[in-house]
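Grab a viewer and work through these exercises with the model open. Each task comes with a solution you can follow step by step.

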Amino acid sequence: MLHPHVPEELRHFGKHLFATFLGLLMALGLEQWREHRLEARLSRESLHRIEAELRRNREGTAQRLAQVAAERPAMEAYSQELERAVAARRLGRKGAMPQRPSLHNPDFSFTWSAWETARSTGSLRRVDSGRLQRLAEVYSDLQRFIPIQDQMMAVPAFADLMTFSRLDHELLTTEELGRLLNGLRFQQVWNLSRIRIGHETLKELDEVLKP
């Protein structure tokens, strides 16, 4: 029985071709491994920056919430005194107007630059999907609150508060004092809402920052 004889040159070429093919596969696998490690590293770094940003948001929220809550009794006392003074003024009795206490009443402020950067660069592909969803929900809530807070500035009652509280109360008319008092009432209701939202935000941030 005859056996085909493969020329030595052809066998050498086949070995060389196989070695080249195997080398390409190894190079491709190595490149994919390097890309995987790079993506994983970028995801970790982005996640660390996001967590640091959320911790700063939490710290700022806690400070502002504590200040708003601490100033609330003084604001309520001032509102009650002003209400009595306005009622007396409407009855024709002109008494001394109460002095408004020096309060800061800070707005809540959040940042989300680390989150937006990570989203735009696609560096969160290696983050667990469940964790990624929780992060997205938290940032969505933070971003949704700021426009609501800004819109409060355009409410007429708040505009009256900003206008008349800066003026000498003794020179305000009864109507202007009433508008000032209405603005104070609006601010008190809004502050109660902000305190509630602040506590909910802290709870949400604490949850998402858990390992």
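**Exercise 1. Size up the largest cavity, then say what lines it and which helix gives the most to the lining.**

Step 1: volume. The largest cavity holds about 60 Å³ of space. A cavity here is a set of points, on a 1 Å grid over the protein atoms alone, where a 1.4 Å probe fits but cannot get out; lining residues have an atom within 4 Å of a point. Grid points are joined across faces, edges and corners, and the volume is the space filled by probe spheres set on the points.

Step 2: a word on the model. This is a predicted model, in which local features need pLDDT of at least 70 and side-chain atom pairs count only at pLDDT 80 or more, while totals for chains, interfaces and linings use all residues. Residues are numbered from 1 along each chain as its sequence is written, and side-chain values use heavy atoms, with hydrogens and water left out.

Step 3: the lining. Pick out Val-68, Glu-71, Arg-72, Met-75, Leu-103, Asn-105, Gln-187 and Asn-191 around the largest cavity. Sorted by class, that lining has three nonpolar, three polar and two charged residues. (Nonpolar: Ala, Val, Leu, Ile, Met, Phe, Trp, Tyr, Cys and Pro; charged: Asp, Glu, Lys and Arg; polar: the others, Gly among them.)

Step 4: the helices. Helix H1 (8-90) and H5 each supply at least two lining residues, and H1 gives the most, with four. Helices are DSSP runs (H or I, at least four residues), as are strands (E, at least two), numbered from the N terminus.

**Exercise 2. How many cavities of 30 Å³ or more does the whole structure have, and what lines the second largest?**

Step 1: the search turns up two of them. The second largest has about 40 Å³ of space.

Step 2: its lining consists of Arg-72, Met-75, Glu-76, Gln-188, Asn-191 and Leu-192. H1 and H5 are the elements that give two or more residues to this lining. By class it splits into two nonpolar, two polar and two charged.

**Exercise 3. Look at the phi angles of Asn-105 and Gly-122: what sign do they have?**

Step 1: Asn-105 has a phi near 45 degrees, a positive value in a residue other than glycine. Most residues other than glycine have a negative phi. Asn-105 sits in the loop between H1 and helix H2 (113-121), and counts as buried because its relative accessibility is 18%. (Buried is under 20% relative accessible area, exposed over 50%, partly exposed in between, with a 1.4 Å probe and protein chains only.)

Step 2: Gly-122, just after H2, takes a positive phi of about 65 degrees. This glycine belongs to the loop between H2 and H3 and, at 21% relative accessibility, counts as partly exposed. Gly-122 and Ser-43 are 79 residues apart in sequence, yet 8.8 Å apart in space, C-alpha to C-alpha.

**Exercise 4. Which residues of H2 are buried, and what does Trp-115 touch?**

Step 1: the buried residues of H2 are Ala-114, Trp-115 and Ala-118. Down the axis they fall within an arc of 100 degrees, so they line one face of the helix. The arc is taken from the directions from the helix axis to the C-beta atoms.

Step 2: Trp-115 has 5% relative accessibility. Leaving out residues up to four places away in sequence, Trp-115 touches Ile-50, Glu-53, Leu-124, Leu-132, Leu-135, Ala-136, Tyr-139 and Gln-143. Contact means heavy atoms within 4.5 Å. Measure C-alpha to C-alpha in your viewer too: Trp-115 and Ser-46 are 8.1 Å apart in space and 69 residues apart in sequence.

**Exercise 5. Which residues of H4 are buried, and what covers them?**

Step 1: in H4 (residues 156-164), Ala-157, Phe-158, Asp-160, Leu-161 and Phe-164 are buried. Their arc around the axis is only 155 degrees, which puts them on the same side of H4.

Step 2: the cover includes helix H3 (129-152) and helix H5 (174-208).

**Exercise 6. Zoom out: how many helices and strands does the protein have?**

Step 1: count five helices and zero strands.

Step 2: of the 211 residues, 32% are buried. Among contacts with a separation of 6 or more, 84% join residues 24 or more positions apart.

How values were computed:
1 Å grid on protein atoms, 1.4 Å probe; cavity = no way out; pocket = protein on both sides within 12 Å on 5 of 7 lines; lining within 4 Å.
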